[in-house]
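Thank you for making time this morning. I would like to walk through one structure with you, going from its surface to its interior, and I will ask you to keep the sequence and the model in view as I speak.

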Amino acid sequence: MLPRRLVHLVIVLLGITLVTFGLLRLIPGDPALAILGSSYTHARAVAIDNFLGLNRPIWIQYGLFMGRLARGNLGFSFFYDLPASTVIAHHVAPTLFLVIYSAVLAAAISFPIGFGAGLRRGGVLDQSARVFFTLSFAMPAFWLGIILIIVFSVHLHVFPLNGFGSGFVGHLYNLFLPALTIALGFSTVLVRSLRAATIATLQAEFIDTAQMKGIPWSQVLWRHVFRNAVLAVVAVYGVNLAYLISGTVLVENVFALPGLGTLLVSSVADRDYPVVQGVTLLFAVLIVVINLLTDVVQAALDPRVGQEIGE
Amino acid sequence: MSTMWAASPSELLMRAATKTAGRRRSVTRRRMTLIAGLVMLGLVIAAVLLAPVLVSYSPTAIDPLHPLAPPGTPGHLLGTDQFGRDLLSRVLYGGRIDLAIAFGATIVTLVGGTIIGLVAGYVGGKLDSFLMRLVDLFFAFPFLVLIIAIVAMLGPSVFNMFLAIWITSWVAYARIMRAQTVVAKKQQYVLAARALGYRPWRIMFRHILPTTASAVILFSMVDAVGNIILAASLGFLGLGTQPPTPEWGVMISDGQNYILTSWWLATIPGLAVVFTGVAFSLIGDGLADLLRAGDR
């Protein structure tokens, strides 16, 4: 199992560095000029040309890029007057917190609904969930966030308008609306998958066997149906992590949270290219690593998956 | 290779939709979904195109005497924004950009991705492995982050937004179409066509494509919803349409500054996005039902 996966992983990681490296080449005109912006001096431009190797062949430039990457050097942010890696490190915590928080909330929302809808197809829960999630699929996350702010912050005064809060409980409280916004969007996918998985599992022969053995129905539901249906959803989590992260980028901007998404967008406005490049790279690597973890978790939960991958 | 690069949320939705939707629905109800979607989309297109007839205000005409008028104000059905610009007019004119993205970005990536997937699946070999590794690579990035990064480098504008979507969004179509082609390639009708000595392009485009196109067409409806939301998202982040040109995302972003006093500024353009998105979703669901009914 492992060697093939690792080879694939290395290829994808190399590809990611190639794409991130290529991003700076998309800038029309002179990259040194664009990176320096208003802090342009001839000496600095020469320094950047040397740093990026702009006067050398493109493969040497890529080699330089990889060499710096290996030492954790993402370039220098002239906007913040700090190394880009330092700037990025300052913004990681709110984003990680928000991604995990919304993933947990999404599970709390969609597990009961998806499971219930699958058990009683066509029932009230199933029908209303279908209508609600058809709507939420067409709903921009940032708009939903603003609506939640209008209802819960402006009119009901239950939650703060924005901000990250302090301390763990403060974060939980302050980030509830942002996390709920992302979780509602993500639940669309989870509910549909869990519903479909529940229906499929209910039709499996081992459910009949379990019933015939005289196991109480509640036990069958919990230990056989629910467990198997949730297994299917673990994969959905990993696959849709990109979706969660896209939601995070938007929602951080709505709620003015000091995370990577806000940093990414403000860096675009400030033309802080090394930071844009670094954040993109970080997100992609994060996704690859978590996808790998999802596969490992899945293989641990379900022996069949491990065998499938091993083929 | 299991699930690692399996699907985007929209792809999963599409699969879930084709598997579970409408199993017990009657033919009329199936058609109803499609018709409802088409009527809603028709309304949106008509309203957006007929904007000059429907409203007398220019979307950028400033009226400093009547800022932030609430909906229902005489003369301003949906109220006015902070500069006294008519909100209805801005919603109608603003929809032009979002609809242009929904159609323009979706059609180009649909055609491009389909051809790439078709050729990769049919020709196979090194070309296929290369293209599919490329597809894997795009799926490794969070879609929105990659598009933001590309727009960042090219510079924020509507055209660069199109360009960024074209660069990144063909991959889903290529993957779906390739999977279909690989299966079709081994079927009798393709083998027969090959035995008759037809050229590859004729087999690909006149035999395989017509029988397998339904999957990508269904996905394009889901993708159109995604592209409308994407256009609005980039506008919201200030990376697409630039003010004072109206666009739904830009309007929501502007309106966010006034949520304490004027809820309608951010709410109404968002409702327009949801309405249009639901229209595409219903068309997609309706088509899926009809096409599967045709299979049986």
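Let me begin with Ile115(B), which sits in helix H4 of chain B and which, in this predicted model, has a relative accessible area of 36%. Because that value lies between the 20% below which a residue counts as buried and the 50% above which it counts as exposed, Ile115(B) is classed as partly exposed.

Which residues form a nonpolar patch on the surface together with Ile115(B)? They are Phe103(B), Ile107(B), Val111(B), Trp201(B) and Phe205(B), and with Ile115(B) included the patch has about 540 Å² of accessible area. Two helices of chain B, H4, which covers 87–123, and H9, each supply at least two residues of this patch, although H4(B) gives the most, with 4 residues.

From the surface, I turn to the interface. Here 60 residues of chain A are in contact with 57 residues of chain B, and the two chains bury about 5400 Å² between them, with 77% of that area on carbon and sulfur atoms. Of the area that chain A buries against chain B, 12% is supplied by Phe137(A), Phe142(A) and Trp143(A), which is more than any other three residues supply. As for charged pairs, the rule finds 0 salt bridges across the interface of chain A and chain B.

One residue to look at here is Ala138(A), in the loop between helix H7 (124–137) and helix H8 (141–155) of chain A. Is Ala138(A) buried or exposed? It counts as buried, because its relative accessibility is 0%, under the 20% cut-off. Leaving aside neighbours within four places in sequence, Ala138(A) is in contact with Val225(B), Ile229(B), Val273(B), Val274(B), Gly277(B) and Val278(B). Within its own chain, the C-alpha atom of Ala138(A) is separated by 9.3 Å from that of Gly185(A), which is 47 residues apart from it along the chain.

Finally, the interior. The largest nonpolar core has 167 residues, and those with the most contacts inside it are Ile16(A) and Ile148(B). Helix H9 of chain B, residues 200–236, gives the most to this core, with 16 residues; H9 is also one of the helices that I named for the surface patch. If we again set aside neighbours within four places in sequence, Ile148(B) is in contact with residues of chain A, namely Val249(A), Leu264(A), Val265(A) and Val268(A), as well as with Leu234(B), Leu237(B) and Leu239(B).

Methods:
Residues are numbered from 1 along each chain as its sequence is written. Chains are lettered from A and ligands numbered from 1 in the order in which they are written. This is a predicted model: local features need pLDDT of at least 70, side-chain atom pairs count only at pLDDT 80 or more; totals for chains, interfaces and linings use all residues. Side-chain values use heavy atoms; hydrogens and water are left out. A nonpolar core is a set of buried Ala, Val, Leu, Ile, Met, Phe, Trp, Tyr and Cys residues joined through side-chain atoms within 4.5 Å. Buried means under 20% relative accessible area, exposed over 50%, partly exposed in between (1.4 Å probe, protein chains only). Contact means heavy atoms within 4.5 Å. Patches are made of residues with over 30% relative accessible area and no salt bridge: like charges are joined within 9 Å, nonpolar side chains (Val, Leu, Ile, Met, Phe, Trp, Tyr) within 5 Å. Accessible areas come from the Shrake-Rupley method with a 1.4 Å probe; for residues, only the protein chains shown count as cover. A salt bridge is a side-chain nitrogen of Lys or Arg within 4 Å of a carboxyl oxygen of Asp or Glu. Buried area is the accessible area (1.4 Å probe) that two parts lose on being put together, summed over both.
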